Structures are given as structure tokens and as C-alpha cells.
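Reader: Please take a single part of this model and go through it closely, with the cut-offs stated. After that, set it against the rest of the chain.

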Amino acid sequence: MPPNKPKQPIKAFNNTLDMVDAYTWNIDAIYDWIGEVADDPAKFGAPEKGDDLEAKKAHLEKIKKQIIKLGVPAPRWKGGEEYQDAQLTPNQHIRRRLNTNNVPPPPEYTYIEPPIEKSPFEVNGSESQKKNGNGAAVLFPSMLFWNPCDLMGLFLSTIGLAPAAANKEQFYVPLLAMFGLWCAKISPPVWKDGNSRNHGNYFPAVVQCTWGKAQGVPGARDDFFLGASYSGISLAGPWSPTQYFWDRVVRYERFKLVPIQSLKFDDSPARGNGSGTADVPGHRFGNCAETYPFTNMMRDPSHNLQGIAINSRYTSYPAPEKKIKDNIVDPCFNCQDWILRCRGTVNNFAKAGTVKKLWVPPPAMF
Ligand SMILES: [Zn+2]
């Protein structure tokens, strides 16, 4: 065998799923699979103990239904009721309700152009909690979910632990690549000039997987969590002030998920290196694909977490499997900040080797 020949991906979910084969599945095939998993999770690696299994089954069924309501309508499964709700137009891949309460502007709302007007919608997230459920007493936080991509990440992360032989090349990269390609089926972007922004559905720019040894579980298997960056909003057509404000409302909802005290919405290492200037480019905390994975996993320094992130551009190519490696990206300054606060190792999340760092490390959270 040539020395650099890539190793074959290992099969996922109790040796049932060829992830590379699943890269090409259409939306109905994806829904068939999540339906099968929700019907019989033990077959796919969920714990086989009675109570745990029943709870997991109910939980997966709930997530499945929510994904199908928020995704585009599928030819056979249909769905899309909450995506294209006639009372809540234009279509959005976001669980939402009319804003009847005059959503207050996020704190530090200092933009003056375009003019501040109230958002047409509020985010109407539904609460969910990933349960390890393999006999361990590990509790993940209960969080709000409103986007089908993040819900798909939750679904895949909830079924069971990673295979014992899981490693970056043979398990996490193909798992994450499959997840991104599935997101592109349930929440399809319109690509133009290398991005999906302003062309209809705002597709996640990045997908991420974080993993580490499951705590309190016999054996040494990994737990993992998949997430997508800010997405789901429709910014097609002229960018009106109300759309603009809705965009900020969704960004603020994601910001609120980040469990770091004392953060400010308009201030982050990626935005002017913490200068406190609101009208600088760069993204806020909560924007990143790491938001759900880190909130769930980044809780204990002894976890020795690792992670990988891929720019979603790879999903736009006719042969996406050939573009995955080129699109792996380093964690941004905000995510590096978060890792360091949790006394994690930034280079465990690197594309390769050492991550470029530019700022003073933050204080540790624990
Ligand atoms: Zn980031």
C-alpha cells in the first residue's frame, strides 16, 4: 500500500452506516434514515437499557419531526410546514412567531444605518437536551433549537457514542462532511460568487464537530457533538430594515446560548480584538458552528476535547468529497478564546499543526 493512501472511513452508528455513501443521499433518503433510527435506536448504537432506550426513542422522534417541519418540503416525506408558514412569510428555516412584543434591540445596539425598526418575527425555539444515555450520569444543558441544521446535528449527536475505533480521519471528518451535505439537502443554499448570503436561504458557512472521551462511561469511547454556524434566515431581495433587524434578533438568540459570563453582544475577539467598537466587521459570539458543540462539550478540562471545522463551500461542488480537505479551517479568534477560557488546547482544533493566534489569552472559566 502506498504510504499516503487515505484510510477508509469506518462505518458509523453501530456499524450500520457507510457515511461516504450517505454523502449523496437525497432528502427523502435522509428522512427515511432518521425515521428508522427514531423507530429503533438500539439498532444504531443507542443504549439497550429499557428506560434509557424509551426516553431516547421519544427524544429522537421529537427532533426528527422538528427537522422535517423546518426543512424544505421533501418529494415523498413532505414536511416544511414551519419553513413555509403562510402566516410567517417570507420562508425561513427558523422556528419563529410573529413579533407582537416589540422585541427590544439587543444590548449595545448602536448601528444607525439602516434605521432600527422592529423585527417582523421572534425566534420560537423548542427546548431540547442531548442525553448521553449510555449508563452515564452526564447531563448536557437544556438548550433552545430552532434551525433544522442544528437539529440535525443534535439528532446525529444524540443516537449514541462514537465507535471505539473512531479517529479524526476515518470517523469525524466523514461524519462532519456527511452532516454538512445533509444540511445542504434539508436547507438548500443558492450559491453565487462562492457564498450563499443574500441569495435566498442563508446557509451555514461552517460545520463543526467536537469530540472527547465520554465522562463516566465504562470503556473509553468518545462522545461528540455536531453544529452549524448561523443560518436559515432568508435575505433574498432588497435588504429592508426589518429584515436587517430580524437578522440581528437571530444572531442575538445564538449569542445568548453561549455560556460565558460577561460577554457583550457587539464585542468579541473577532471584532476588533475586544476594542468595544460596535460598528467593526467580524462576527459575534454565537455565530460560529462551534456554538452548540462547545456549549454542550466544553465543560470539563479533563475531557481533552478535539474538534474539526469545515467551510461549507465543499458542498457546492459536483464532487464534494474531493473538496473536503481543502476546506478544513482553523478555529476563529472567538472560538480560540472560548477554548482557552475552558482550559482546552487550541491546537486540538487546528486544521493542521499550530493555529495562528493574535491576542492575549482570556481568564479561565474553571
Ligand atoms: Zn469561531
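Author: What follows is an account of helix α4 and its packing, then of the zinc site and a few backbone details.

The model is predicted, so local features are given at pLDDT of at least 70 and side-chain atom pairs at pLDDT 80 or more, while totals for chains, interfaces and linings use all residues. Residues are numbered from 1 along each chain as its sequence is written, and side-chain values use heavy atoms, without hydrogens and water.

The protein chain has eight helices and eight strands, which are DSSP runs numbered from the N terminus (H or I with at least four residues for helices, E with at least two for strands). Of its 366 residues, 54% are buried, where buried is under 20% relative accessible area, exposed is over 50% and partly exposed is in between, with a 1.4 Å probe and protein chains only. Among contacts (heavy atoms within 4.5 Å) with a separation of 6 or more, 67% join residues 24 or more positions apart.

Helix α4 covers residues 148–158, and helix α2, residues 27–39, packs against α4 at an angle of about 45° with the axes 11 Å apart. The axes are lines fitted to C-alpha atoms, for helices over the stretch in contact, and angles run from 0 to 180 degrees between N-to-C directions. The pair α2 and α4 is therefore oblique; under 35 degrees is roughly parallel, over 145 roughly antiparallel, 65 to 115 roughly perpendicular, and the rest oblique. The crossing of α2 and α4 is left-handed, a term for a near helix turned anticlockwise from the far one by less than a right angle, with clockwise being right-handed. From α2, the contact uses Ile30, Trp33, Ile34, Val37 and Ala38; from α4, Met152, Phe155 and Leu156. By class, the residues of this contact of α2 with α4 are eight nonpolar, no polar and no charged. Here Ala, Val, Leu, Ile, Met, Phe, Trp, Tyr, Cys and Pro count as nonpolar, Asp, Glu, Lys and Arg as charged, and the others, Gly among them, as polar.

Helix α5, residues 168–186, also packs with α4, at about 140° and with the axes 10 Å apart. This angle makes α4 oblique to α5, and α4 passes α5 in a right-handed crossing. On the α4 side the contact takes in Pro148, Cys149, Met152, Gly153 and Leu156, and on the α5 side Met178, Phe179, Trp182, Cys183 and Ile186. The contact of α4 with α5 has nine nonpolar residues, one polar and no charged.

Leu156 of α4 is buried at 0% relative accessibility. Beyond residues up to four places away in sequence, Leu156 touches Phe13, Trp33, Met178, Phe179, Trp182, Phe224 and Leu226. Leu156 and Phe13 are 143 residues apart in sequence, with their C-alpha atoms 9.1 Å apart. Phe13 is in the segment before α1 (19–22) and is buried at 5% relative accessibility. Phe13 is not glycine, yet its phi is positive, near 55°. Most residues other than glycine have a negative phi, and most peptide bonds are trans.

Thr158, also in helix α4, is buried with a relative accessible area of 1%. Leaving out residues up to four places away in sequence, Thr158 touches Lys56, His59, Leu60, Ile63, Lys130 and Lys131.

Elsewhere in the chain there is a metal site. The zinc ion has as protein donors the SG atoms of Cys288, Cys332 and Cys335, lying 2.2 to 2.3 Å from the ion. Donors are N, O and S atoms within 2.8 Å of the metal (3.2 Å for Na, K and Ca); water is not among the atoms, so sites may look incomplete. Along the chain the donors follow the spacing C-x43-C-x2-C. Cys288 is in the loop between α6 (241–257) and α7, and Cys332 is in the loop between β8 (328–329) and α8, so the pair ties together parts 44 residues apart in sequence. Cys288 and Cys332 are buried. Cys335 is one of the buried residues of α8; in this helix, residues 333–341, seven of the nine residues are buried. The buried residues of α8 pack against α7 (291–297).

Two further backbone details lie in the loop between α3 and β1. Pro90, in that loop between α3 (50–70) and β1 (96–98), is joined to Thr89 by a cis peptide bond with omega about -5°. Lys78 is in the loop between α3 and β1, has a positive phi near 60°, and is exposed at 51% relative accessible area.
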